[in-house]
Amino acid sequence: MTNIPRHIAIIMDGNGRWASKRSLPRIVGHQQGVKAVRTVVKACGAMGVKTLTLFAFSSENKNRSTEEVTLLFKLFLTVLKQEVKKLDKHNVRLKIIGDMTLFPKDVQHMAAEAQAKLTDNDGLTLVIAANYGGQWDIAQAAKQAAQAAIKGEITPDDITIDSFANYLSLANEPAVDLLIRSSGELRISNFLLWDVAYSEFYFTDTLWPDFDEAELNKAIESFNHRDRRFGARKET
Ligand code: IPE
Ligand code: IPE
Ligand code: MG
């Protein structure tokens, strides 16, 4: 029987290379990437994954050309507008993590509206990481803990691994079981750091726009062959 990961996180990489291979502008690769997102969201919902976290825009991606960043913001807005109804129909809850203050006001509004509309759904939780960095997440959590201490709500001794995790963006979500990265790069690029302490990693050369249900199944199949020991050993 297949063991379905409760939480899958994906670094959706390779849109630009997909486009350049076809002599197309990078943004066409991002548009094609949205199709892969739809496929993966649908497949994860259908197989009973609890949480799917997608890396859409890293804290460092703002250092790309103004043209690419602006087009990415626009694409984000268009997709949010288009997909909310469908996500609702499929009982998907939406959570956007990251420093959204970088995003244009209309995108911020739409993001807040979409999350509010889908908040009561209890099927798949879709987490979109936008202007997100694992280092940023840990720093913002530390800031919250420091503020709570100044207010006298906690003392430094109250800070434990479990209590600190409550300040992180993925508090209340199950631990990441499987982390997937497409496009052949073998790095984390400042995605989830704290949360991947015991995740299984799966890398594929497939570029994100070509990532489909068969690719997802391959990753889950690989996950099913992992021996997750979490540092402990069975008594022999
Ligand atoms: C991933 O594709 C999407 C974003 C980072 C927004 P890239 O745009 O990084 O594609 P490559 O890595 O240049 O091929
Ligand atoms: C990571 O990919 C970010 C996303 C997929 C959203 P990048 O393409 O930005 O990462 P690097 O630059 O190759 O490390
Ligand atoms: Mg890339």
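Visitor: What makes the space taken by ligand 2 a pocket, and where does that pocket rank?

Guide: In this predicted model, ligand 2 takes up the space of the largest pocket. A pocket, on a 1 Å grid over the protein atoms alone, is an open set of points with protein on both sides within 12 Å along at least five of seven lines, while in a cavity a 1.4 Å probe fits but cannot get out. A molecule counts as sitting there if more than half of its atoms lie within 2 Å of the grid points. Ligand 1 passes that test too and sits in the largest pocket.

Visitor: How many residues line the largest pocket, and what makes a residue part of the lining?

Guide: There are 49 of them, and Met 12, Val 37, Phe 55, Ala 56 and Trp 208 lie nearest the centre. They are called lining residues because each has an atom within 4 Å of a grid point. The volume is about 1200 Å³, which means the space filled by probe spheres set on the points, once those are joined across faces, edges and corners.

Visitor: Which helices and strands supply at least two residues each to that lining?

Guide: α1 (15-21), α2 (26-47), β2, α3 (66-89) and β4 (125-132) do. Those names follow DSSP runs numbered from the N terminus: helices are H or I with at least four residues, strands are E with at least two. The lining divides into 26 nonpolar, 11 polar and 12 charged residues. Ala, Val, Leu, Ile, Met, Phe, Trp, Tyr, Cys and Pro are the nonpolar ones, Asp, Glu, Lys and Arg the charged ones, and the others, Gly among them, are polar.

Visitor: Why is the link between Ser 189 and ligand 2 called a polar contact?

Guide: A polar side-chain atom of Ser 189 lies 2.6 Å from an oxygen atom of ligand 2. A polar contact is a pair of N or O atoms within 3.5 Å, so this one qualifies. (Within protein, one atom must be able to donate a hydrogen and the other to accept it, and residues adjacent in sequence count only if both atoms are side-chain atoms.) The side chain of Arg 187 also has an N or O atom 2.8 Å from an oxygen atom of ligand 2, and for Arg 64 that distance is 3.3 Å. Taken alone, ligand 2 exposes 390 Å², and the protein buries 79% of that. Such areas come from the Shrake-Rupley method with a 1.4 Å probe; for residues, only the protein chains shown count as cover.

Visitor: What makes up the shell around ligand 2?

Guide: You'll find 5 nonpolar, 3 polar and 4 charged residues there, including Ile 11, Phe 57 and Asn 61. Each is near the ligand, with a heavy atom within 4 Å. Strand β2 (residues 51-58) gives the largest share, 4 residues.

Visitor: Which residues are closest to ligand 1?

Guide: Of the 13 around it, the closest are Asp 13, Gly 16, Arg 17, Arg 26 and Arg 64. A polar side-chain atom of Arg 64 is 2.7 Å from an oxygen atom of ligand 1, and a backbone N or O atom of Gly 16 is 2.9 Å from one. The protein covers 87% of the 380 Å² of accessible area that ligand 1 has on its own. α1 gives the most to this shell, 3 residues.

Visitor: How do you know which residues and values to trust here?

Guide: Residues are numbered from 1 along each chain as its sequence is written, with chains lettered from A and ligands numbered from 1 in the order in which they are written. Since this is a predicted model, local features need pLDDT of at least 70 and side-chain atom pairs 80 or more, while totals for chains, interfaces and linings use all residues; side-chain values use heavy atoms, leaving out hydrogens and water.
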